Amino acid sequence: MECISSPRFGLLINGSRSKWINATCGLLEGCPLSPYLFILCSEFLSLLIKSNPHPGIGIKINNKAPKISHLLFADDTLLFGTASTKTAGELAGILRRYCELSGEAVNSLKSNILFGPKVPASAKRAILHMLSQRPTNSLSYLGITLRPGKIKIAEFNYVL
């Protein structure tokens with residue numbers, strides 16, 4: 001946190017160090033340290049999720065597969081879980097703790113919840129209210145559209 005909250009710099013000019021220069025803000029987009037700090041923060045979020053034993057966190061894509069609780073890439077995070085208020089509460093608690101400890105914040109303008117087709121409307125309303133999020137019918141992750149149901153082969157034609 002020292003690097004982020006109160007950085008200061010010194011310059012070497014003709015072999016002599018200058019006085020300390022105190023930065024007025026933390027890291028900005030484009031700073032060479034940003035990707036490394038994001039990786040460290042992402043690892044911390046992964047550990048918080050993995051250390052939570054709540055059975056509703058994570059999904060299985062088939063009976064023999066391990067549970068997938070989250071996916072992280074660049075600044076995108078996908079969290080998976082059963083559509084229940086208990087699971088939503090656990091995920092909200094994990095995110096709250098992560099934000100408190102890391103100084104990061106969830107951008108609610110860029111966040112959505114994608115429900116499966118069999119989730120009752122009452123459960124959707126309760127979860128959306130609890131997490132203060134908006135529902136969506138589909139979302140894009142790494143260029144692939146995700147939505148409930150099977151993805152058609154034709155949707156991958158652009159890759160070819």
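Here is a short walk through the structure, from the overall layout down to a handful of residues.

Keep in mind as you look that this is a predicted model. Let's begin with the whole chain, which contains four helices and 10 strands. Reading from the N terminus, the elements come in the order α-β-β-β-β-α-β-β-α-β-α-β-β-β. The chain has a radius of gyration of 20 Å, well over the 15 Å given by the globule rule for 160 residues, so it is more spread out than a compact globule. If you align the view with the principal axes, the C-alpha trace spans about 70 × 40 × 30 Å.

Next, a few totals for the chain. Of its 160 residues, 21% are buried. Its accessible surface comes to about 12100 Å², and carbon and sulfur atoms supply 60% of that. As for contacts with a separation of 6 or more, 43% of them join residues 24 or more positions apart.

Now zoom in on His-70, which belongs to strand 5, covering residues 70–73. Is this histidine buried or exposed? His-70 has a relative accessibility of 13%, and because the cut-off for buried is under 20%, His-70 counts as buried. Its side chain makes two polar contacts to look for: one with the side chain of Ser-46 at 2.9 Å, and another with the side chain of Ser-69 at 2.7 Å. Ser-46 also appears in the wider set of residues that His-70 touches once those up to four places away in sequence are set aside; with Ser-46, this set holds Ile-49, Lys-50, Leu-78, Leu-79 and Phe-80.

Further along the chain, Ala-92 sits in helix 3, which runs over residues 85–102. Ala-92 is buried too, with a relative accessible area of 16%. It is worth drawing a C-alpha to C-alpha line from Ala-92 to Met-130: the two are 38 residues apart in sequence and 8.3 Å apart in space.

From Met-130, a short step along the sequence takes us to the loop between helix 4 and strand 8, where Ser-132 lies. This serine has a positive phi of about 50 degrees, although Ser-132 is not a glycine. Why mention the sign? Most residues other than glycine have a negative phi. Ser-132 counts as exposed, at 55% relative accessibility. Gln-133 is found in this loop as well, between helix 4 (121–131) and strand 8 (134–136), but Gln-133 is buried, with a relative accessible area of 17%. Which residues does Gln-133 contact, leaving aside its neighbours within four places in sequence? They are Ser-108, Ser-111, Asn-112, Ile-113 and Leu-128.

For another positive phi, go back to Asn-14, where the angle is about 55 degrees although the residue is not a glycine. Asn-14 lies in the loop between strand 2 (12–13) and strand 3 (16–17). With a relative accessible area of 80%, Asn-14 is exposed.

Our last stop is a nonpolar patch on the surface, formed by Ile-144, Ile-151, Phe-156, Tyr-158 and Val-159. Together, these five residues offer about 440 Å² of accessible area. One of them, Ile-151, is in the segment after strand 10 (144–146). At 34% relative accessibility, Ile-151 counts as partly exposed.

Technical notes. Residues numbered from 1 in each chain as written. Heavy atoms only, no water. Helix = DSSP H or I, 4+ residues; strand = E, 2+ residues; numbered from the N terminus. Buried < 20%, exposed > 50% of the residue type's maximum accessible area, 1.4 Å probe, protein only. Polar contact = N/O pair within 3.5 Å; in protein donor to acceptor, adjacent residues only side chain to side chain. Contact = heavy atoms within 4.5 Å. Patch = residues over 30% accessible without salt bridge, like charges linked within 9 Å, V, L, I, M, F, W, Y side chains within 5 Å. Areas by Shrake-Rupley, 256 points an atom, 1.4 Å probe, with all protein chains shown as cover. Salt bridge = Lys/Arg side-chain N within 4 Å of Asp/Glu carboxyl O. Rg over C-alpha atoms; globule rule 2.2 N^0.38 Å.
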